[in-house]
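Q: Please take a close look at one part of this assembly, the chain with which the description opens, and then set it beside the other chains and the contacts among them.

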Amino acid sequence: MRKAFVAVACFALLAVAAFGQGVIKLGANWPLADVSGLECSKAAQLAVDEINKAGGVLGKQLQLVVVDDEGKGDKGVAAIEKLVTVDKVDVLLGGIASGVAVAQVPTLKKYQMVTVATGAAASASVEKALGPSPGSDWYFHLHPWDYDQGQSYYEGWDAIQKKYPNVVIRRIFLAYEEGAFGKSSFDASKALFGSRYTFDGASFKSALQGGSDYSSVLEAAKDFNPDLFIWAGYAQDALPLLEQSKAMKFSPPIYLGAPPAWPVDMGKSPLAEDIMLYGMWAPSINDISPASRKFYDAYVAATGSAPTSYFAALSYSAVYIIADAVKRAGGTDAARLIPALEKTRYVSPLGQTITFTPSNIIKHQGIKNQKILQWQDGRQEVIWPFEVQSRALVYPLPPWK
Amino acid sequence: MRIVVTRPRVGPGRMWQVVLWTALAAAGTAAVLLWKPTALVYGVQRAGLYAAVAIPMALVLGIVHIVNLAHGELMMVAAYLAYFAARLLGLDPFVALVPVALVMAVLGLALYQVTIRHSLKAPELNQLILTFGLGIALSQMVNLLFTSQSWKLSLDYVSASATVGNISFGVFDFVYAGAAIALALGLRLFLTRTRLGKAALAVGQNPRGAAIVGIDVGRTYAFVFALAVGLIGAVGSIFLAKQAIFPLVGGPYTMKSFCLVAMAGVGNIVGILYCSLALGLSESIINSIRGYAGWSNVVFFAIIIVTILVRSFRERKA
Amino acid sequence: MPDLETFGLTRHFGGLVAVNNVSFTLDCGEILGVIGPNGAGKTTFINLVSGIYAPSSGRIHFKGRDITGLPAHKRAQMGISRTFQIIHPLENLDVLENVMLGFIFSRRMGLKEARRSAEALCGSLGLGDLSRDVSQITMLETKKMEIAHALASGPSILFLDEVMAGLNVDETREIVQLVQRVTRERNIGVGVVEHVMSVIRDLTHRVIVLEAGEIIAAGPYEEVAKNPGVIAAYLGGAA
Amino acid sequence: MTFAVRRFLPVAVIAVAVLFPLVSGPYPLAVAQSILIYMALAVSWDMLLRSGQISFGIAGFFGIGAYAAAITTLTVRASPIISILLAGACSAGVAFLLGFVILRLRKVYFAITTLALAEIFRVIVHNWGDFTGGPEGLVLPSLIFKGDSRALFWISLGGVLLACGLSALFQRSRLRFALTAIRNNEVSARSSGIDIFKYLMIVFVTSSFIQGIVGGIQVQLYGYASPDSVFDANYTLLPLAMALLGGIYSTPGPVLGAVLLGVAAEYLKLKIPYGHLVVYGIIIVLVILLLPDGLYGQYRRSVRDRARMARGGTAHA
């Protein structure tokens, strides 16, 4: 008898908590000192404001609580504990660095609260820590894993070579920054491209960690004489790498950069012309996707500056995906919210419809495909996938101006 | 930490050592030239950058005897000033070099008077953590104002290149080596030829003795610190030309300069040229061996430890 | 066989020869004066015997054993102690704790026993209020503490490096009596480096004279005082 | 402060610390567990500082401990507690071997060498891919005590009690005399019969042992170790700042400093989400300028001055 009484009391308390205050709380952690993290929190707040203006969800207003995880594991864990036990949020989202995400996994597993991750690409650490379904079904990984990205680029180059017969790729060289991000990109790409292409690579110390000289990695690339040269580093490496390549007269037919974000004044540099890049979102998608145009204009109006990376659009999408799922689920408790999220079909500002499908280990993986773009006249133009292509491919890379 | 400014004296007993070292270096250079000549070019360029950034810190450590952990952050602030000079006033970083250095010298003087001056009597650890706090405040303030977004000027002369045979390489980076040599010789002349310089050297070697003969030690410390911050300001302006800048760009350079200064021996400004050459070359050579680039840092730190240990063994014997 | 004996002890720093071919002996219970003009190498001589410096050449024998290679802390434990011309009291320890060091590390006593022994030793030297900070005691008390610090190691050989410097006449007499009493009671061989000739005359059994690192005269004080070479060494002019 | 209070206070503080989890929610515990890690490192660093040696290699031994624990947990299935002890032993062993070479160095040269060694450890772990998991790091199957917040707090507190216990033991033993003598004047210390190298080795190995243990605890707390996380420069510079702000050459000093900086960091973050680190840097500068001896150091100085005034002496500046 006593057990039943306790259950009822609990349910009542929960009901009161959920409906009494008339608020649905979203808890998020991003590195607020990092420009991408800052843009995530602004984009997420923009989405919350838009939804509240349109009447909120299930008659209740959304509230976003953001905690700075400072890009550190222990701070990330403290952020989750605060959001869950102090702010008593209903749904969790956010994150950028894999190092923070992997440290948070044990704490998240403790609470099994629905989490929509906007970052963490390192499958070797984060996805392995999450473990297989059903144990990790509460985790909805919006951001692609490193092997998803690799697979997507593999298909992209295949499609490009079919559409543009003059584009012939046999030798690929990947210059990767020596940290976790670079190494996991190299491992994933080598596994995928190794079979069909002659694939090799070398590491360099990123300018983010005090590196100042790309000569040895560029010389290794030059000796390899690749048809496709890719570098996986950070925004700080973008222009210095191009300048040193020009100085060394290294100009591969395709020169491609894959940093998480690009420097603001990249477009102003003549060296950027016809440089290709991997990405998920770019302002040029506004011309093709109305959702992107709506997000971009609203973001510029709200913050006064344009987003510099895809993380903003991703965080904006995360909020809408959660709101939509809560509406269909009629509540925020995991039992109903998880199935609702599984049926997500969200036309995102990233120029694609987001659904959740299984990945190598976990069951709910959101975005898998990336885009291949090219800097043309100071703007990132989409080349592939062709359904969102905004400009024709310029091939090969013209001699350095 | 009263440490005398040491200058390597080549006594008769050590002549054969010098001959041995130069012969070894010549053989090494020849070997590398044949195998991978560009490793030498990039080694010298890299050494130039390390030395140019480290020399102002050596000046402060040698004369004022404080370890300035905000050294890299001050270079970062100067780079931001030069960036705005370029964006708003259209000044090329090399033109903006002098005004930026002056503004930084004033900022350095202000920082010194407000904070560092009061902790000079405290043990050197206090000044260390004081400047560590200053470094955090400076970098986070810039981060607050301009976000962690990285900025970069695109100047075409930066990718100037030369071609020898079928190898072409960047030549702009020799500017750092030039700056380092200019700084070292300029300071050497200043410290040994000018009145103010000799006073500073005296204060560095024996503050009490200098005070007795009428040198205003306090003012000399302030002047030297402001001069050093001005010089790192100039280096920051040159740094902007080729490198991307962001609030945390200074950190790694503080640590590398700190290691270099200790390796060269505190106050030994010219020694920094030799040490950074040794480090730059060894790092560049290891870096150019395929697959071992990641290990170049081990070489950097291993050489530092060996040099410090060898000097302590030699001192222990003397 | 003498308790302490050196054979051709030499030490040079770069080109400068500080101590040159010094051979001397010192027995327990004997007080030996070591005199000579400033810069004659007296302190370097003590540093060599106490192990602070390693000799460039020559041997040192103590109680029949060759201790030339032994480090300073081993020699202190074996029974060779010294005071310092420039006294370095340890600031973060009080007066009693400064004296306890010798008992703890040379005599390997436990803390309680060392504290008791130090209190007794200080009492016997007339040092009071031992919990004071070292920066608060008088010059005389500092000298007494320095002597107590050296005696704490239970030495059989003790070198006093200008321990009378900076003391007035009464204080000097008190220290001289104290040294004589301690030498008698503990049967210690004492080497006294001093400039105050009256102290050398009253205190020492015999004297050696150092000049430019070499022994230029040895023997009872009266005899040495008349030696022309010694006078010239002190007053300048051709030796 | 009467003798009874002095004896009773530490016991009271420990009691409060042990009982804290029973009254606090998981969030303060998560913050506290991180502060306790830095606190133990600050105390261990201060122990070595008492000999006059300044170490910049805390992150190095901390990282070795973390990796030793992670590797032994993954490869030989060692239980968490065993892996933590192995972590301590491993760091102590490395310190012992290195001590023979680097303990002859002093002041800035010792500091730089330890800094360089910490970086070398990081690069070795970073590049020795197959054994250490390379730059991506190692992930443990589960946390110690299945991640229960209270248990994690208690294990971290255990690390602090180990550090403070050894530190107090050093303060009450002959080691305090030896280290203080070495710090003040090595020549005088040697002529008192102190074998300087032996005592430096003892305190260097002990402080590295503590740093290794705490590294092992860190890995068990978060179930993850990567070169950039466990060899982070913050694990060297923050404990340094905490010990200085709290008051060096003591056990309570670093403890107070860790609480001050730890709580300030988290509190500021909540109050000023954007720019809290600016205030954090300014706090460090202000405390160093206004309290050169640190919180506990200032308190200890005022107690000594009051006692000296009572004895009729002048208050020594």
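A: In this predicted model, chain A contains 12 helices and 14 strands. The radius of gyration of chain A is 22 Å, and the globule rule gives 21 Å for 401 residues; the two values are close, so chain A is as compact as a globular protein of that length. Along the principal axes, the C-alpha atoms of chain A fill a box of roughly 80 × 40 × 40 Å. Of the 401 residues in chain A, 59% are buried. The contacts within the chain can also be examined by separation along the sequence: among those in chain A with a separation of 6 or more, 72% are between residues 24 or more positions apart.

Chain B may be described in the same terms. Chain B has 12 helices and two strands. Read from the N terminus, the order of its elements is α-α-α-α-α-β-β-α-α-α-α-α-α-α. For the 318 residues of chain B the globule rule gives 20 Å, and the radius of gyration of chain B, 20 Å, is close to that value, so chain B is as compact as a globular protein of that length. The box that the C-alpha atoms of chain B fill is roughly 60 × 60 × 35 Å, again taken along the principal axes. Buried residues account for 54% of the 318 residues in chain B. Of the contacts in chain B with a separation of 6 or more, 76% join residues 24 or more positions apart.

Chain B also touches chain D. In this contact, 33 residues come from chain B and 33 residues come from chain D. On the side of chain B that touches chain D, at least two residues each are supplied by α5 (124-146), α10 (250-264) and α12 (296-317) of chain B. The largest share of that side, 12 residues, is provided by α5(B). By residue class, the side of chain B that touches chain D comprises 23 nonpolar, nine polar and one charged.

Chain D has a further contact, with chain C. Here 17 residues of chain D meet 26 residues of chain C. Two elements of chain D, α8 (174-184) and α9 (186-190), give two or more residues to the side of chain D that touches chain C. Of that side, α8(D) gives the most, with six residues. The residues on the side of chain D that touches chain C are five nonpolar, nine polar and three charged.

Chain C, finally, is considered by its domains. The domain assignment of chain C gives domain 1 (1-79 + 155-239) and domain 2 (84-154). A distance of 23 Å lies between the C-alpha centres of domain 1 of chain C and domain 2 of chain C. Where these domains meet, 15 residues belong to domain 1 of chain C and 13 residues to domain 2 of chain C. On the side of domain 1 of chain C that touches domain 2 of chain C, α2 (72-78), β8 (157-161) and α6 (169-186) of chain C each supply at least two residues. The largest share of that side, four residues, comes from α6(C). The side of domain 1 of chain C that touches domain 2 of chain C is made up of eight nonpolar, four polar and three charged residues.

Key:
Residues are numbered from 1 along each chain as its sequence is written. Chains are lettered from A and ligands numbered from 1 in the order in which they are written. This is a predicted model: local features need pLDDT of at least 70, side-chain atom pairs count only at pLDDT 80 or more; totals for chains, interfaces and linings use all residues. Two residues are in contact if their C-beta atoms, placed from the backbone, lie within 7 Å. Ala, Val, Leu, Ile, Met, Phe, Trp, Tyr, Cys and Pro count as nonpolar, Asp, Glu, Lys and Arg as charged, and the others, Gly among them, as polar. The radius of gyration is taken over C-alpha atoms; the globule rule is 2.2 Å times the number of residues to the power 0.38. A residue is buried if 20 or more other C-beta atoms lie within 10 Å of its own, exposed if 12 or fewer, and partly exposed in between; C-beta atoms are placed from the backbone. Domain bounds come from an automatic or database domain assignment.
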